[in-house]
Amino acid sequence: MDKPLIGVVMCHTVKEGHPAWVLYQKYLDAIMDAGGVAIALPHRPGLGEAIAQRTLGLLDGLLLSGSPSNIEPWRYGASGEEEKADPGRDELTLALIPQALKLRLPLLAICRGMQELVVAAGGTLNRQLPSEKVRHCADTDAPLAEQYAPAHPIQLTADGQLARLLGGVASLQVNSLHKQGIQDVGPRLQAEATAEDGVIEAVSVPDHPFAIGVQWHPEWRYQDSDASSRLFAAFIHACHQYRKEKRL
């Protein structure tokens, strides 16, 4: 089968004193099990635009993964410093996204990736979400199964793109591992789901074949979740269609 090629953005870190790239296997497995071929995209400050221009024409889809890092506040007009920053990733993703949307390239954005989509589309972020009503940030000292366990419900927008892709469901239980979230979706996006406290949990680009961001982590044990499996299947299907149309 002629499988679509999906670019997945990597994160920069330091491992045992060595600069290193990180991309959790769960993202790649979800893509490959759904029928795609994944290729990792590293980055370097000063080369974001060049990497974006060189790679996008080769891809049939783009996945923006989650990350322990956060977007630098100045990129969406906020003040302060970001302790867990990855400026090279910011530069690359914020170059990739506008071009991907222009090309109508299928795009799935997860957690930090959704926040990158929001910022690239002119929206803003809340750097510290309230926690009185809904627990959005998991205990990072807990076992992974506890961190990624369902944390709270979300309500999907009726007749929204995401609700349709997931078979018309009205609500979902999702995991939650983020301290930051959307303040304003901006002029180009629409909300697809919200938590009980009003925090936006998913977005889409109207009139785009597939450009969806989710704040939770559907790649975690996607095999055990009908909603997660449907989301990745729909993404890869859109990538297949894009590949066919690109060849015409």
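I will walk through the overall build of this chain and then its nonpolar cores.

Please keep in mind that this is a predicted model, in which local features need pLDDT of at least 70 and side-chain atom pairs count only at pLDDT 80 or more, while totals for chains, interfaces and linings use all residues. Residues are numbered from 1 along each chain as its sequence is written, and side-chain values use heavy atoms, with hydrogens and water left out.

The chain holds seven helices and 13 strands, which are DSSP runs numbered from the N terminus, helices being H or I with at least four residues and strands E with at least two. Its radius of gyration, taken over C-alpha atoms, is 17 Å, close to the 18 Å that the globule rule (2.2 Å times the number of residues to the power 0.38) gives for 248 residues, so the chain is as compact as a globular protein of that length. Of those 248 residues, 51% count as buried, meaning under 20% relative accessible area with a 1.4 Å probe, protein chains only.

Turning to the interior, the largest nonpolar core (buried Ala, Val, Leu, Ile, Met, Phe, Trp, Tyr and Cys residues joined through side-chain atoms within 4.5 Å) has 33 residues, and Leu63 and Leu162 have the most contacts inside it. Among the elements that each supply at least two residues of this core are β1 (5-9), β8 (152-156) and α7 (226-247), and α7 gives the most, with eight residues.

Which residues does Leu63 contact, leaving aside its neighbours within four places in sequence? With contact meaning heavy atoms within 4.5 Å, the partners of Leu63 include Ile6, Val8, Tyr27, Leu108 and Phe232.

Note on methods: Buried means under 20% relative accessible area, exposed over 50%, partly exposed in between (1.4 Å probe, protein chains only).
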